[in-house]
Amino acid sequence: MPRTSTTIDNSHIVIDTGMAQPDATTIVERKGLGHPDTLADHLAERLSRAYSRYTVQHFGAVLHHNFDKLALLGGASEVRYGAGRMTSPVRVLVNGRAAPLCGGEPIPVEDIVEAEVRAFFAERLPEVSAHLDIVFNITSNSSPGAVLTGDGVPDRTRWFNPRSVEDLRERRVRLSNDTSLGTGWAPENPFESFVRELVDHFSGKSEFTLAHAWCGSDVKLMGYWDGAQADIVLCVPQKSRHVASRAEYVRNAETVLAECHRLAGLRLPGAEARFRLNARDVPEKDELYLTYTGSSIESGDEGIVGRGNRVNGLITPLRPMNLEGANGKNPVYHVGKLYNVAAQRLANRLHEATEGHAEVHLVSTTGQRLDQPWRILVRLSSPHAEVDKVQALVTEALGEFPALTDELVSDGIVLS
């Protein structure tokens with residue numbers, strides 16, 4: 001496998017060409033919109049964007065913050081055929097840091113957070129919105145490294161208490177906040193795309209969910225594909241107040257399976273597809289995936305940022321991936337967010353340019369310039385990729401971080 005190695009600015013770039021194409025064997029998982037981990041991811045990102053928009057509007061810059069340690073602790077519920085109710089609230093642990101003021105002007109951090117939390121659940125799980133216990137664990141503590149000497153005040157202590165936006169180091173140069181990495185690959189194979197579509201079909205707004213009010217959103221899928229056969233284990237909850245009996249639940253489940261086979265016929269033509277739905281059900285004992293809200297968050301399950309889908313929306317253990325929880329991270333200089341988005345975009349561009357498989361790995365060093373990763377590894381299946389064009393695409397991607405920040409703040413990018 002030919003390898004080219006070079007250094008541009010402070011980045012060491014390795015480009016491998018002619019690598020083997022991934023084989024057809026695929027294991028892929030996706031968690032739907034109502035899964036507790038997805039809820040935690042999306043809520044954390046929503047808080048980051050709301051705080052960022054407020055500080056941009058009032059001070060002209062995104063102030064320092066991170067909400068990527070947010071956690072949801074499940075409540076309790078009672079479920080009956082045709083009815084149900086919450087009996088204990090869902091606890092929202094808002095863990096993180098945020099600048100509480102700038103230049104002496106206070107920022108209503110808790111008001112911003114509470115409004116966004118309540119609006120989020122009103123949209124995503126309305127049955128839960130009146131049953132929330134919001135716990136604020138938000139500090140403005142300085143990062144390590146603020147060594148006191150004499151009467152001086154270390155600059156680092158002002159990161160979360162700036163006298164003005166000019167105290168923000170990233171106004172002068174954007175430096176990586178951590179030693180971490182971002183990973184991207186392209187293209188998806190047909191089965192990976194099918195998994196994404198199927199989960200979204202049952203957990204989001206679709207013709208199916210609009211026509212079947214009983215369909216809950218805490219959908220989860222694990223699939224195995226060998227290029228000719230698909231084996232899928234799928235969980236799709238039903239909402240109890242729309243299900244009058246056990247027999248009705250069973251009929252609804254048959255409707256879900258029929259829809260699975262219909263979509264498989266369209267997206268995986270000629271392939272054999274086997275589906276196992278709600279594998280833990282024991283209908284004769286009325287042990288069913290029947291919920292009041294459509295999500296297991298109502299009954300003790302927890303959701304934590306970073307435990308769900310990766311930035312590309314899938315969990316793919318046979319593909320390169322990393323464990324960063326990107327949602328809720330600061331969109332200005334947190335490499336756990338920015339490098340994953342940039343690596344995925346660059347992989348897509350390299351796939352389009354070479355018409356082959358592409359992998360991208362961006363590795364940072366804390367304190368080094370954000371646009372100059374410590375290591376860049378590009379792996380391409382095309383044996384004829386032109387190295388200078390690949391390097392040009394890499395350079396182009398690394399120059400887009402300021403615009404990438406703006407896109408993240410404005411909701412232009414959907415993570416997971």
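# A chat about salt bridges and a sheet

Guide: Welcome! This is a predicted model, and a search of the whole structure finds 34 salt bridges.

Visitor: Nice. Which residue forms a salt bridge with Asp 133?

Guide: That would be Arg 91, with the closest N and O atoms 3.4 Å apart. The pair links distant parts of the chain: Asp 133 belongs to strand E11 (residues 132–139) and Arg 91 to strand E8 (residues 90–98), 42 residues apart.

Visitor: And is Asp 133 buried, exposed or partly exposed?

Guide: Asp 133 counts as partly exposed, because its relative accessibility is 31%. Arg 91 is partly exposed as well, with a relative accessible area of 35%.

Visitor: Why can side chains like these pair up at all?

Guide: Opposite charges can pair when the charged atoms of the side chains come close.

Visitor: Got another pair? What does Glu 78 meet in a salt bridge?

Guide: Glu 78 meets Arg 85, at 3.2 Å from N to O. Glu 78 is partly exposed at 28% relative accessible area, and Arg 85 is partly exposed at 44%.

Visitor: How about Lys 389, which partner does that side chain have?

Guide: Lys 389 meets Glu 386 in a salt bridge of 3.4 Å, N to O. Glu 386 is partly exposed, with a relative accessible area of 42%. There is also a network, in which salt bridges that share partners join Glu 45, Arg 49, Arg 53, Lys 337 and Asp 411.

Visitor: Let's switch to strands. What order do they take in the open sheet of five?

Guide: The order is E1-E2-E20-E19-E12, and the pairing is mixed. E1 and E12 (181–186) are the edge strands, each pairing on one side only. On average, neighbouring strands of this sheet are turned by 10° against each other, direction ignored.

Visitor: Does anything sit on it? Which helix packs there?

Guide: Helix H6 (residues 335–354) does, touching E12, E19 (358–363) and E20. The direction of H6 makes about 30° with that of E12.

Visitor: Back to E1 and E2: do they run parallel or antiparallel?

Guide: Antiparallel, with six bridges joining E1 (residues 3–8) to E2. Thr 4 has Ile 15 as its bridge partner in E2, while Ile 8 has Ser 11. Two residues lie between the strands of this hairpin, where Asp 9 takes a positive phi near 55°.

Visitor: What about E2 and E20, parallel or antiparallel?

Guide: Those two run parallel, joined by five bridges. Val 14, for example, has Leu 377 in E20 as its bridge partner.

Visitor: Last one: how many of the six residues in E2 are buried?

Guide: Five of them, which leaves E2 (residues 11–16) mostly covered.

Methods
Residues numbered from 1 in each chain as written. Predicted model: local features only at pLDDT ≥ 70, side-chain atom pairs only at ≥ 80, totals over all residues. Heavy atoms only, no water. Buried < 20%, exposed > 50% of the residue type's maximum accessible area, 1.4 Å probe, protein only. Helix = DSSP H or I, 4+ residues; strand = E, 2+ residues; numbered from the N terminus. Pairing = 2+ DSSP bridges. Axes fitted to C-alpha atoms, helices over the stretch in contact; angles between N-to-C directions. Contact = heavy atoms within 4.5 Å. Salt bridge = Lys/Arg side-chain N within 4 Å of Asp/Glu carboxyl O.
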